[in-house]
Amino acid sequence: MPILITTALDAEMRAHAKRDYPNECCGFLIGKRGDAGVTVHEARPAENMREDSLRNRFEIDPEEYMRVDQKARESQMGIVGYYHSHPDAPAVPSEFDREHAWPVYCYIIISVLRGQPAEMNNWLLLDDHSGYTQDAVRIVNSEN
């Protein structure tokens, strides 16, 4: 299922990835699912709660998840996925990512090479958790 994000959200996520380099950044994708795919209305940064391996792991506080989920629901939206960066690594899921992902959610990964955001890919975990399918990231003009 393709994911649609605005140029402004693309810039926000890339800026977050650059700011947190050389560590992984992470955040929520808030939006709606529809016939044309998943439309993201907000990319909300989250604090990486990981106490070790910050360069190649992220963890989001469950309480933060509950707060963000509640606020999204109040706006008639929901958490449709997550984004995170891969410092000096490709924008493909790691084995750790696969083990901690959930089906149905979109996972955007941004490769950050020597501090500069590069490739961005969208991944969907297969229902049997055996791997991912890659789907399109469609960037649309920001609304004025």
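## A look at R50 and helix α2

A polar contact of 2.8 Å joins the side chains of R50 and D52; the term stands for a pair of N or O atoms within 3.5 Å, where, within protein, one must be able to donate a hydrogen and the other to accept it, and residues adjacent in sequence count only if both atoms are side-chain atoms. This is a predicted model, in which local features need pLDDT of at least 70, side-chain atom pairs count only at pLDDT 80 or more, and totals for chains, interfaces and linings use all residues. Residues are numbered from 1 along each chain as its sequence is written, and side-chain values use heavy atoms, with hydrogens and water left out.

You can find R50 in the loop between β3 and α2. Is R50 buried or exposed? With 19% relative accessibility, R50 counts as buried (under 20% relative accessible area; exposed is over 50%, partly exposed in between, with a 1.4 Å probe and protein chains only). Beyond its neighbours within four places in sequence, R50 is in contact with R57, F58, E59 and F96 (heavy atoms within 4.5 Å).

Now to helix α2. At its start, a side-chain oxygen of D61 comes to within 2.9 Å of the backbone nitrogen of E63. The buried residues of α2 are E64, V68, D69 and A72. They lie on the same side of α2, because they cover an arc of only 130° around the axis. These buried residues pack against β2, β3 and β4:

| Strand | Residues |
|---|---|
| β2 | 26-34 |
| β3 | 37-46 |
| β4 | 78-87 |

The face turned away from the buried side of α2 carries the exposed residues P62, E63, M66, R67, R73 and E74. After α2 comes Q76, with a positive phi near 60°.

Key: Helix = DSSP H or I, 4+ residues; strand = E, 2+ residues; numbered from the N terminus. Arc of directions from axis to C-beta.
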